[in-house]
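Grab your viewer and a pencil. Here are a few exercises, each with a worked solution to check yourself against.

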Amino acid sequence: MKSVDAVVTGAGGFIGGHLVESLLAQGKSVRGVDIKPLDEWCQLHPEAENSQGDVSLLEGARAATAGAGTVYNLAADMGGMGFIENNKAACMMSVLTSTHVLQAAKEAGVERYFYSSSACVYAAEHQTSPDVVPLKEADAYPAMPEDGYGWEKLFSERMARHYLEDFGVQTRVARYHNVYGEFGTWDGGREKAPAATCRKVAIAAITGNHTIEIWGDGQQTRSFTYIDDCVHGTQLITNADDPRPVNLGSDELVTINELVDIVEKIAGVTLERNYNLTAPQGVRGRSSDNTEILRRYGWAPATPLAEGLERNYRYIYDEVKKSLA
């Protein structure tokens, strides 16, 4: 395969598609790889070298990374809380992807290797109250991450660290915090809270059935990161000199009820709320401490939640309207 500036694994996914678009806009040559058929990708950019491939296999990872300058490894079997709480083994199996892409990147002699980790690496004891203290990078240890998905992410972070120490591979790691935006999954069970909320409100607005189901009591707190900030931060971290994992997330904390409030205001509706206390809820509170990313790079995600949600809602509203038609 021809040499390229950048390889994006998981390019058919939500974040991967936006990252490929950004890299192409900078004039870089990009190879996008995903296990899904091309017609199932969230975005397909014809200017890129797009291929279907299974990078959980070493042979697939080697083919994907051959001749790459930088590798952005975003490939993983994951979704929102409804998925990761009920598919722990599947989430853990992503360790094959994380390990084989890293091994193949080393063999290919890449200049930089980026690994997309998650806020799920943080110990649950720091996330038991809605009045959460924002999570610092050091809070990942002593280790007790979210079962399944969180353990896989933390292990793969350590692999990246040791490949740097033992083999000199220039690895970089960002801990993503609840990324949302256009072209993201909005139904089917893998969607996250912002997309699920936008979908439910859009259905209510279109059908006139002004009710909404909320998982939990609505007092859980989260911070949500708009996709443009995620893509910018990913490249900033990849190209910088500091190899230590760093939070990449918004520090604008809201309850799930407040998230619904914002989307209701965007849609111009008020809904009756039904609380499903038996549904997956995740940790009680989670937010990003952005002290480190500000200190290292003089930048942190800053898109206001209401602004990002308005764009996301308009996209999902149109998709819901098409699906109902």
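The exercises below go from one helix to helix pairs and then to some backbone oddities.

A word on ground rules: this is a predicted model, where local features need pLDDT of at least 70, side-chain atom pairs count only at pLDDT 80 or more, and totals for chains, interfaces and linings use all residues. Residues are numbered from 1 along each chain as its sequence is written, and side-chain values use heavy atoms, with hydrogens and water left out.

**Exercise 1. Check the span of helix H9, then find which of its residues are buried and what covers them.**

Step 1: get the element. Helices (H or I, at least four residues) and strands (E, at least two) are DSSP runs, numbered from the N terminus. H9 covers residues 256–267, which is 12 residues.

Step 2: compare spans. The expected span is 1.5 Å times one less than the number of residues. For H9 that gives 16 Å, and the helix reaches 17 Å from its first C-alpha to its last, close to expectation.

Step 3: list the buried residues (under 20% relative accessible area, with exposed over 50% and partly exposed in between; 1.4 Å probe, protein chains only). In H9 these are Ile-256, Asn-257, Leu-259, Val-260, Val-263, Glu-264 and Ile-266.

Step 4: look for the cover. Contact means heavy atoms within 4.5 Å. The cover of H9's buried residues includes helices H7 (193–207) and H11 (305–324), along with strands E8, E9, E12 and E13.

Step 5: zoom in on Asn-257. Its relative accessibility is 10%, so Asn-257 counts as buried. Leaving aside residues up to four places away in sequence, Asn-257 touches Ile-214, Asp-217, Gly-218, Gln-219, Arg-273 and Tyr-275.

**Exercise 2. Describe how H7 packs on H9.**

Step 1: take the axes, which are lines fitted to C-alpha atoms, for helices over the stretch in contact, with angles from 0 to 180 degrees between N-to-C directions. H7 and H9 have axes 10 Å apart and an angle of about 40 degrees.

Step 2: classify. Under 35 degrees is roughly parallel, over 145 roughly antiparallel, 65 to 115 roughly perpendicular, and the rest oblique. H7 is therefore oblique to H9.

Step 3: name the contact residues. H7 brings Ala-193, Pro-194, Thr-197, Cys-198 and Val-201, while H9 brings Leu-259, Val-260, Val-263, Glu-264 and Ala-267.

Step 4: sort them. Ala, Val, Leu, Ile, Met, Phe, Trp, Tyr, Cys and Pro count as nonpolar, Asp, Glu, Lys and Arg as charged, and the others, Gly among them, as polar. The contact of H7 with H9 comes out as eight nonpolar, one polar and one charged.

**Exercise 3. Do the same for H5 and H6.**

Step 1: H5 (residues 94–108) and H6 (residues 149–167) have axes that come within 9 Å and cross at roughly 15 degrees.

Step 2: H5 and H6 are therefore roughly parallel to each other.

Step 3: the contact includes Val-95 and Leu-102 of H5, and Phe-155 and Met-159 of H6. By class, the contact of H5 with H6 has seven nonpolar, five polar and two charged residues.

**Exercise 4. Track down the unusual backbone spots.**

Step 1: recall the baseline. Most residues other than glycine have a negative phi, and most peptide bonds are trans.

Step 2: check omega. The bond from Tyr-141 to Pro-142 is cis, with omega near 0 degrees.

Step 3: check phi. Asn-178 has a positive value near 45 degrees, and Phe-183 has one near 75 degrees. Phe-183 lies in the loop between E7 and H7, and is partly exposed at 34% relative accessibility.
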